[in-house]
Amino acid sequence: MVVTHWVHDEVARRLAGFCDPRIPTRAEGVWPRDRIAELAADADGLIVCMADRVDAELLDGCPRLRIVSGTLKGHDNLDVAACTRRGVWVTVLPDLLTVPTAELTVGLTIGVMRRIGEGDRFVRSGTFAGWRPRLYGSGLAGATVGIVGMGRVGRAVARRLAAFDAHVVHNDVRPEAGGVGLPDLLATSDVVIPLLPLTPATRGLIGAGELRRMRPGGYVVNVSRGSVVDEEAIADALDAGTLAGYAADVFAMEDLLQAGRPRTVPPRLSAHPRTLFTPHLGSAVDDVRRRMSLAAAEQVRQVLDGRRPEQAVNDPACRPEAGGIT
């Protein structure tokens, strides 16, 4: 059993109760792909994170593998079809990330609208001499916030925004979710927050055309996946002054299965003063990460016990037992 990233001692003990876990130290953090491939060659299970790419190449070197258990909400860095063809279960955690992600979304929204990042850098520059009429931004009270994708996180964000007296509109592909069309949402929102999984249909959903439909001086906040927005189009809109700010916790460089993905955050974005970035902190709450890892371990235990895992996203064909558990 291979865990690709550091986990709490409690998780390691839980795993040791039913398998032989191989886990990096906290100093190691996340094992590189070649180390994972080496250790997983005879493993029955993998517990993976956002930094991992599970594709056909990796799977071909793991003939005994029975489950890939993600400490993730989405699974766009996991080739689910390739796993299914090989009889490998894939599991994710659809709800444990809802609250921490919603909290960070609101924090980033306030941060970019109130220009908190710029203010922090100014104070640290050594030139701050007390109050002056500078860095005026926007407030949430009375603002219209458009949420694109009204799933668990979208609903949690909407509830929190209500406490700030923001007016929330939403767009959703599900008819039962109601809402407004995307063009109307873009035209009427002061802040646009995409909260969607990364799929072929959502890649680049917020691009140059959509940004032109937004109100001048609006904001975009992205905590879903980097490739849901067109980062170069965001940079263009910031440079033109039509977009007042962009905040993100996710970046296209992280979308490991996307062909042609960039390898860095676009320099124009990282250098722009009207951006606010966090390094994928959506789930970075210590107790939440502990509970996520315990839940991922439980999915592995269920498969090794011969049961269907509760959080499966696929239904692989049965295959013969692979023998002992490692």
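This report walks through some helices, and a few single residues, of the structure above.

The model is predicted, so local features need pLDDT of at least 70 and side-chain atom pairs count only at pLDDT 80 or more, while totals for chains, interfaces and linings use all residues. Residues are numbered from 1 along each chain as its sequence is written, and side-chain values use heavy atoms, with hydrogens and water left out. Helices (H or I, at least four residues) and strands (E, at least two) are DSSP runs, numbered from the N terminus.

**Helix 5 and its partner**

Let's start with a helix pair. Helix 5 (residues 98–113) packs on helix 7 (residues 152–162) at an angle of about 50 degrees, and the two axes lie 9 Å apart. Those axes are lines fitted to C-alpha atoms, for helices over the stretch in contact, with angles running from 0 to 180 degrees between N-to-C directions. The two helices are therefore oblique to each other; angles under 35 degrees count as roughly parallel, over 145 as roughly antiparallel, 65 to 115 as roughly perpendicular, and the rest as oblique.

Who does the touching? Which residues of helix 5 and helix 7 make the contact? From helix 5 come Thr98, Val99, Thr101, Ala102, Glu103, Thr105 and Val106, and from helix 7 Arg152, Val153, Ala156, Val157, Arg160 and Leu161. Contact here means heavy atoms within 4.5 Å. Sorted by class, this contact has 7 nonpolar, 3 polar and 3 charged residues. In that scheme Ala, Val, Leu, Ile, Met, Phe, Trp, Tyr, Cys and Pro are nonpolar, Asp, Glu, Lys and Arg are charged, and the others, Gly among them, are polar.

Gly111 also sits in helix 5. Setting aside residues up to four places away in sequence, Gly111 touches Ile116, Gly117 and Leu276. Gly111 and Ala247 are 136 residues apart in sequence, yet 8.2 Å apart in space, C-alpha to C-alpha.

**Helices 6 and 12**

Helix 6 (residues 116–124) has Gly117, Glu118, Gly119 and Phe122 as its buried residues, buried meaning under 20% relative accessible area, exposed over 50% and partly exposed in between (1.4 Å probe, protein chains only). Their cover includes helix 5 and strand 10 (275–277).

Helix 12 (residues 286–304) has 19 residues and spans 27 Å from its first C-alpha to its last, close to the 27 Å expected at 1.5 Å a residue; the expected span is 1.5 Å times one less than the number of residues. Buried residues of helix 12 include Val288, Met292, Leu294, Ala296 and Gln299. The buried residues of this helix pack against helix 1 (9–16), strand 2 (45–48), strand 3 (67–70), strand 4 (89–91) and helix 5.

**Positive phi values**

Four residues with positive phi are listed here.

| Residue | Phi | Place |
|---|---|---|
| Gly306 | near 85 degrees | follows helix 12 |
| Gly126 | near 90 degrees | follows helix 6 |
| Arg115 | near 60 degrees | loop between helix 5 and helix 6 |
| Asp165 | about 65 degrees | loop between helix 7 and strand 6 (167–171) |

Neither Arg115 nor Asp165 is a glycine. Are they buried or exposed? Arg115 counts as buried at 16% relative accessibility, whereas Asp165 counts as exposed at 57%.

**A buried asparagine**

Finally, Asn77 lies in the loop between strand 3 and helix 4 (80–85). Asn77 is buried, with a relative accessible area of 0%. Beyond its neighbours within four places in sequence, Asn77 is in contact with Cys49, Met50, Asp52, Arg53, Val54, Leu72, Leu256 and Leu257.
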